[in-house]
Amino acid sequence: MMAGESIAVVSDAGTPGICDPGFKLVRRAIEAGITVVPIPGAVAFVNAVIASGFATDSIFFGGFLPSKKGERRKRLDEIRDIPALLVLYEAPHRLAKSLADCLEILGDRQAVVARELTKLHEEIAHGTLAELVSRYSTESVRGEIVLVIEQVPHEAFIKENASKKVLK
């Protein structure tokens, strides 16, 4: 690259730079004065949002939830009242526990579990968080997973935050 040659960063697990260490390579290239040209490709969270059927005028992408229960629940509490569609990545072995934490902390919102998008075993499951907890507490899954959770209903946000004087 320093000699003017072009290179490409390609991944078989999504778009480089989205929730992976690819950003470090981009940062170093920028620091070295190298022009970075992104090429559009499949991004799991964008595909999951599109397939969710939810309003997409405001989206919060939170990346991976923390693996430890206490940290995960704290993070969910931090993002609970964001007035946007919540989009998170999750590992298959934590899916059931994370969905249960989402239900308890965020309430029983509409949600989607999107798995293995653009691949042979693609699956998109729609339902309430309670329905998805029930399904995935007995069903094991594999692959990359995106959780898409409908934003907090506007009326509930106003009611819950009225005493906090967040809204005028």
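Trainee: What share of the contacts with a separation of 6 or more in the protein chain comes from residues 24 or more positions apart?

Mentor: Keep in mind that this is a predicted model: local features need pLDDT of at least 70, side-chain atom pairs count only at pLDDT 80 or more, and totals for chains, interfaces and linings use all residues. Residues are numbered from 1 along each chain as its sequence is written, and side-chain values use heavy atoms, with hydrogens and water left out. With contact meaning heavy atoms within 4.5 Å, the share from residues 24 or more positions apart is 70%.

Trainee: How many helices and strands does the protein chain have, and in which pattern?

Mentor: Helices (H or I, at least four residues) and strands (E, at least two) are DSSP runs, numbered from the N terminus. There are six helices and five strands. Along the sequence they read α-α-β-α-β-α-β-β-α-β-α.

Trainee: Why is one side of β1 and of β4 left without a neighbour in the sheet?

Mentor: Two strands pair if DSSP finds at least two bridges between them. The five strands form an open, mixed sheet in the order β1-β2-β5-β3-β4. β1 (59–64) and β4 (123–128) stand at the edges, so each has a single partner strand.

Trainee: In which sense do β2 and β5 pair?

Mentor: In general, strands of a sheet pair through backbone hydrogen bonds, either parallel or antiparallel. Here β2 (residues 85–90) meets β5 (residues 145–149) over five bridges, and L88 stands opposite L147 in β5. The sense is antiparallel.

Trainee: What angle does helix α4 make with β5?

Mentor: Axes are lines fitted to C-alpha atoms, for helices over the stretch in contact, and angles run from 0 to 180 degrees between N-to-C directions. Helix α4 (residues 95–106) packs on the sheet, touching β2, β3 (110–115) and β5. Its direction makes an angle with that of β5 of about 10°.

Trainee: Which element gives the largest share of the largest nonpolar core?

Mentor: Such a core is a set of buried Ala, Val, Leu, Ile, Met, Phe, Trp, Tyr and Cys residues joined through side-chain atoms within 4.5 Å, where buried means under 20% relative accessible area with a 1.4 Å probe, protein chains only. The largest one has 21 residues, with L76, L95, L99, V113, Y136 and I149 having the most contacts inside it. Elements giving two or more residues include α3 (69–79), β2 and α5. The largest share, five residues, comes from α4.

Trainee: And which residues does L76 contact, leaving aside its neighbours within four places in sequence?

Mentor: L76 is one of the residues with the most contacts inside that core. With those neighbours set aside, its partners are L65, L88, D101, C102, I105 and L106.

Conventions
Buried means under 20% relative accessible area, exposed over 50%, partly exposed in between (1.4 Å probe, protein chains only).
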